[in-house]
Amino acid sequence: MPRAVRGVLITCEPAIKSIIVHLDSENHDIIIEDLDETHLFVKENMIQVLKAKLEEHLKETYRPEEPLQDSDKEY
Amino acid sequence: VVDQIRLWQLENERMSTQAGFLFKDFDSVEEYTALSSYAEEIGVLEWKSDKKGLFFVSKYEQIRDYLKSRKSAK
């Protein structure tokens, strides 16, 4: 008898997928099934947390062309 | 703020999410094939892997009913 599991399908490019897999590896509380290179099946209640974490991660790795005036980063 | 908007655009372009149901643990390849074909037919199939025997649908009610009718037909 097959089972139906409720969740969210994420479709993304491989680069984004690898970031999500990395974020999940901390607590293993996001991904239910790793489907293929561009798809993940994740917990519905973790979507907001995932988006926040992803944004944070992108912010860390993304360098604007000009540094912001109020940036508190030390160079 | 501008930076944040840019980040969101980046994410939205690169990632989409959809709520639904993943069907798994099929008893046989035949059962998987029959159900995934039916899901495709009624237009709820969003992703599938014949190799893994898994598929994702946006709605599951019709498939549940189809599964029941298959059971009772046996």
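Two strands are taken to pair if DSSP finds at least two bridges between them, and with that in mind the reader can begin in chain A of this predicted model, where β2(A) and β3(A) form a hairpin with 2 residues between them. Strand β2 covers residues 31–36 of chain A, and its pairing with β3(A) is antiparallel, with 4 bridges. One of the partnerships in this hairpin links A:Asp36 to A:His39, the latter lying in β3(A).

Strand β3, which takes in residues 39–42 of chain A, also has a neighbour in strand β1 (residues 3–12), to which 4 bridges join it, and these two strands run antiparallel as well. Here A:Val8 finds its bridge partner in A:Val42 of β3(A). Both faces of β3(A) are covered, since A:His39 and A:Phe41 are buried on one side, while A:Leu40 and A:Val42 are buried on the other. A:His39 and A:Val42 thus appear twice in this account, as bridge partners of A:Asp36 and A:Val8 respectively, and as buried residues of the strand.

The helix of chain A to look at next is α1, made of residues 14–27. Its 14 residues should span 20 Å at 1.5 Å a residue, and because its end C-alpha atoms are 21 Å apart, the expected and the computed values agree. Within α1(A), the residues A:Ile16, A:Lys17, A:Ile19, A:Ile20, A:Leu23 and A:Asp24 are buried. They cover an arc of only 160 degrees around the axis, and therefore lie on the same side of α1(A). Just after the helix comes A:His28, which takes a positive phi of about 50 degrees.

Turning to chain B, the reader finds 3 helices and 3 strands, arranged from the N terminus on in the order α-β-α-β-β-α. Of the 74 residues in chain B, 38% are buried, and the accessible surface of the chain comes to about 4,600 Å², with 49% of that area belonging to carbon and sulfur atoms. If one takes the contacts in chain B between residues at least 6 apart in sequence, 51% of them join residues that are at least 24 apart.

A single residue of this chain can serve as a closing example. B:Ser49 has its place in strand β2 of chain B, which consists of residues 45–49. Its relative accessibility is 13%, and because buried means under 20%, B:Ser49 counts as buried. Leaving aside residues up to four places away in sequence, B:Ser49 touches B:Tyr32 and B:Leu54.

Note on methods
Residues numbered from 1 in each chain as written. Chains lettered and ligands numbered in written order. Predicted model: local features only at pLDDT ≥ 70, side-chain atom pairs only at ≥ 80, totals over all residues. Heavy atoms only, no water. Expected span 1.5 Å × (residues − 1). Buried < 20%, exposed > 50% of the residue type's maximum accessible area, 1.4 Å probe, protein only. Arc of directions from axis to C-beta. Contact = heavy atoms within 4.5 Å. Areas by Shrake-Rupley, 256 points an atom, 1.4 Å probe, with all protein chains shown as cover.
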